[in-house]
Amino acid sequence: MTDRIAETATRLRAAVSVLDAIAHDRTMASTVDPIVAAVTDLAVQIRALIADVERRDIPPGACSLGWGVCPEHGATLVTSRGRSRCRVCDASWDYDRENQHCREPATFLLHTAPVCRAHAEAAPASARLTPIEARS
Ligand SMILES: [Zn+2]
Ligand SMILES: [Zn+2]
């Protein structure tokens, strides 16, 4: 992701957390219902916009899933204060990788969705996985 888009997404995500906190503050809800409804709607719209912007910025041939993994170990990330870390290998990223669209190259089809190796390994055993043939 380009730096500017990444920064915008990070700031919007922070703003959405604040909006969420306001929307769930019950002491405010009784007096300012219309505002709370508007704020809730705004948060939903901003999230959709972030997802959209991130999707547009995904490299061609990348994994199609909307959440991140450790490229080696799959669904092993823990995230706190905007930083993600793998519980297995202790690799870390200075951003919330867990809640960001996966950018690893797709190497398998999960049913019909292209996914990366780590996401394929994290899929349930019953999932239908097909290796993507290298096209020449
Ligand atoms: Zn790892
Ligand atoms: Zn992936």
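Strands β2 and β3 form a hairpin with five residues between them, and Asp90 in that turn has a positive phi of about 70 degrees. Strands here are DSSP E runs of at least two residues, helices are H or I runs of at least four residues, and both are numbered from the N terminus. The model is predicted, so local features need pLDDT of at least 70 and side-chain atom pairs count only at pLDDT 80 or more, while totals for chains, interfaces and linings use all residues. Residues are numbered from 1 along each chain as its sequence is written, and chains are lettered from A and ligands numbered from 1 in the order in which they are written.

The hairpin belongs to an open sheet of three strands in the order β1-β2-β3, with antiparallel pairing. Because β1 (77-80) and β3 (92-93) stand at the edges with a single partner strand each, one side of each is left without a neighbour in the sheet. Two strands are taken to pair if DSSP finds at least two bridges between them. β2 (residues 83-86) is joined to β3 by two bridges, with Ser84 opposite Trp93. Four bridges join β1 to β2; Ser80 stands opposite Arg83, and Leu77 has Cys86 as its bridge partner. β1 and β2 also form a hairpin, here with two residues between the strands, and Arg81 in the turn has a positive phi of about 45 degrees.

It is worth pausing at β2, where the side chains alternate: Arg83 and Arg85 point to one face and are not buried, while Ser84 and Cys86 point to the other and are buried. A residue counts as buried if 20 or more other C-beta atoms lie within 10 Å of its own, as exposed if 12 or fewer do, and as partly exposed in between, with C-beta atoms placed from the backbone. Of the 136 residues of the chain, 18% are buried by this criterion.

The largest nonpolar core (buried Ala, Val, Leu, Ile, Met, Phe, Trp, Tyr and Cys residues joined through C-beta atoms within 7 Å) has 14 residues, and Cys63, Val115 and Cys116 have the most contacts inside it. At least two residues of this core come from each of β4 (108-110) and α4 (117-122). Leaving aside residues up to four places away in sequence, Val115 touches Cys63, Ser64, Leu65, Ala106, Phe108, Leu110 and Ala120; contact means C-beta atoms, placed from the backbone, within 7 Å.

Turning to the whole chain, four helices and six strands are found. The radius of gyration, taken over C-alpha atoms, is 18 Å, well over the 14 Å that the globule rule (2.2 Å times the number of residues to the power 0.38) gives for 136 residues, so the chain is more spread out than a compact globule. Domain 1 (3-56) and domain 2 (77-131) are assigned, with bounds from an automatic or database domain assignment. Their centres, taken over C-alpha atoms, are 25 Å apart.

Terms used. Contact = placed C-beta atoms within 7 Å.
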